[in-house]
Amino acid sequence: SVRERDKRFTPAITSAFDLATMTRLAVGPAWQSFSPGQQGAVREAFAKFIIADYASQVKDYSGESFVVDPKSVPEPRGGGEIVKTKLLQPGGRTVTINYLVRGGKVIDVYLNGTISDLATRRDEFASIIASGGAEGLIKRLNDRTQKLLAG
């Protein structure tokens, strides 16, 4: 179940991903206006949501292999490096998933090699924050996490 995968993924994702940096980047400029307490609550809600989201996406995978390019590429814009991977699916379909790694931890995931997961989330979060502030974002993240874990 998604809940079981969520429990299994939590230690791996929390050790491999810089969830604090990811949260700040996903929230964007509004982060500075959040109180320290709100920042902590958003970080916690975002971390739980991301793990549940990844756990829910993996349910349909079986028979795939995951290939990591041994040579990373420097990221010129913000530092760090891009780690390129491919998910090889039965039937010959290949999904490119690249990771932006800084300080040994993942800070962004690029689906199909170029679509920033955090940029997509920042666009979504901007309207939530505009209408409900930090509290609205925390509520939305917690609600979505519960829906994912129930699935």
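Which residue of β3 stands opposite Val-73? It is Ile-82, and that pair is a good way into this predicted model.

Let's start with the strands. β2 (residues 73-74) and β3 are antiparallel partners, joined over two bridges. The two form a hairpin with six residues between them, and Gly-79 in the turn has a positive phi of about 85°. β3 (residues 81-88) also pairs with β1 (residues 65-68), again in the antiparallel sense, over four bridges. Here Val-68 faces Thr-85 of β3. Thr-85 has a bridge partner in β4 too, namely Ile-97. β3 and β4 run antiparallel with eight bridges between them, and their hairpin leaves five residues between the strands, with Gly-91 in the turn at a positive phi of about 95°.

Ile-97 leads us on to the pockets, since Ile-97 is among the residues nearest the centre of the largest one, along with Tyr-54, Gln-57, Val-58 and Tyr-99. The two pockets are set out here:

| Pocket | Volume | Lining by class |
|---|---|---|
| Largest | about 590 Å³ | 15 nonpolar, three polar, three charged residues |
| Second largest | about 170 Å³ | six nonpolar, two polar, five charged residues |

In the largest pocket, α1 (2-16) gives the most to the lining, with four residues. At least two residues each come from α1, α3 (36-57), β4 (94-102), β5 (105-111) and α4 (117-150).

The second largest pocket holds about 170 Å³ of space. Its lining has 13 residues, with Leu-25, Leu-100, Asp-108, Tyr-110 and Ser-116 closest to the centre. β4, β5 and α4 are the elements that give two or more residues to this lining.

Definitions and conventions: Residues numbered from 1 in each chain as written. Predicted model: local features only at pLDDT ≥ 70, side-chain atom pairs only at ≥ 80, totals over all residues. Heavy atoms only, no water. 1 Å grid on protein atoms, 1.4 Å probe; cavity = no way out; pocket = protein on both sides within 12 Å on 5 of 7 lines; lining within 4 Å. Points joined across faces, edges and corners; volume = space filled by probe spheres on them. Nonpolar A, V, L, I, M, F, W, Y, C, P; charged D, E, K, R; others polar. Pairing = 2+ DSSP bridges.
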